[in-house]
Amino acid sequence: VGVGCDHSAVVTDENELYTWGFGQHGALGQGDFADHPVPTLVPPFTSSQIVDIEAGQDFTIAAVVNPPE
């Protein structure tokens, strides 16, 4: 779970990233600047495993690793 000033993010057990809250500056990673009042799936941007997320005032960042082959 990552918590910013006005938004939140969570990674599920299925390696899906959801964000919600105020979308100023594109902080939600949804490809827009809109607010999303409920958890909304971030379009998949990689097939890598998300290992950590952080949220700040106007950003969300995900640390990823490539899955073993």
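**Close-up views of a predicted all-strand model**

**Figure 1. Surroundings of A63 in strand β6 of the predicted model.** A63 lies in strand β6, which spans residues 60-65, in a structure that is a predicted model. With a relative accessibility of 36%, A63 falls between the limits of 20% for buried and 50% for exposed, and A63 therefore counts as partly exposed. When its neighbours within four places in sequence are left aside, A63 is in contact with Q49, I50, V51 and D52. For one of these residues, Q49, which is 14 residues away from A63 along the chain, the separation between the two C-alpha atoms is 8.5 Å.

**Figure 2. The loop residue Q30 and its partner T19.** Q30 is placed in the loop that runs between β3 (17-21) and β4 (36-41). Is Q30 buried or exposed? Its relative accessibility is 13%, and Q30 therefore counts as buried, the limit for that class being under 20%. The side chains of Q30 and T19 are joined by a polar contact of 3.0 Å. Residues up to four places away in sequence not being counted, Q30 touches T19, H36, T40, L41, V42 and P43.

**Figure 3. C5 in the loop between β1 and β2.** C5 is found in the loop between β1 (2-3) and β2 (7-11), and with a relative accessible area of 54% this residue is exposed, since that term applies over 50%. Outside its neighbours within four places in sequence, C5 is in contact with G56 and Q57. A55 stands 50 residues from C5 in sequence, and the C-alpha atoms of C5 and A55 are 8.2 Å apart in space.

**Figure 4. The four-stranded sheet and the pairing of β2 with β3.** Four strands form an open sheet in the order β1-β2-β3-β4, and their pairing is antiparallel. The edge strands of this sheet are β1 and β4, each of which pairs on one side only. Strands of a sheet pair through backbone hydrogen bonds, in either a parallel or an antiparallel arrangement. Between β2 and β3, the antiparallel pairing extends over five bridges, and A9 stands opposite T19 in β3. T19 is also the residue whose side chain makes the polar contact of 3.0 Å with the side chain of Q30.

**Figure 5. A9 and the largest nonpolar core.** Which residues make up the largest nonpolar core? This core has five residues, namely A9, L17, V42, I50 and I53. In soluble globular proteins, nonpolar side chains tend to be buried together. Apart from its neighbours within four places in sequence, A9 is in contact with V1, G2, L17, Y18, T19, W20, I53 and T60. Two further members of the core appear in the earlier views, I50 as a contact of A63 and V42 as a residue touched by Q30.

**Figure 6. The whole chain as context for the close-ups.** The protein has six strands and zero helices, and from the N terminus on its elements run β-β-β-β-β-β. The radius of gyration is 12 Å, close to the 11 Å that the globule rule gives for 69 residues, so the protein is as compact as a globular protein of that length. Along the principal axes, the C-alpha atoms fill a box of roughly 40 × 20 × 20 Å. Of the 69 residues, 28% count as buried, while the protein exposes about 4500 Å², of which carbon and sulfur atoms supply 56%. Among contacts between residues at least 6 apart in sequence, 27% join residues at least 24 apart.

Note on methods. Residues are numbered from 1 along each chain as its sequence is written. This is a predicted model: local features need pLDDT of at least 70, side-chain atom pairs count only at pLDDT 80 or more; totals for chains, interfaces and linings use all residues. Side-chain values use heavy atoms; hydrogens and water are left out. Helices (H or I, at least four residues) and strands (E, at least two) are DSSP runs, numbered from the N terminus. Buried means under 20% relative accessible area, exposed over 50%, partly exposed in between (1.4 Å probe, protein chains only). Contact means heavy atoms within 4.5 Å. A polar contact is a pair of N or O atoms within 3.5 Å; within protein, one must be able to donate a hydrogen and the other to accept it, and residues adjacent in sequence count only if both atoms are side-chain atoms. Two strands pair if DSSP finds at least two bridges between them. The radius of gyration is taken over C-alpha atoms; the globule rule is 2.2 Å times the number of residues to the power 0.38. Accessible areas come from the Shrake-Rupley method with a 1.4 Å probe; for residues, only the protein chains shown count as cover. A nonpolar core is a set of buried Ala, Val, Leu, Ile, Met, Phe, Trp, Tyr and Cys residues joined through side-chain atoms within 4.5 Å.
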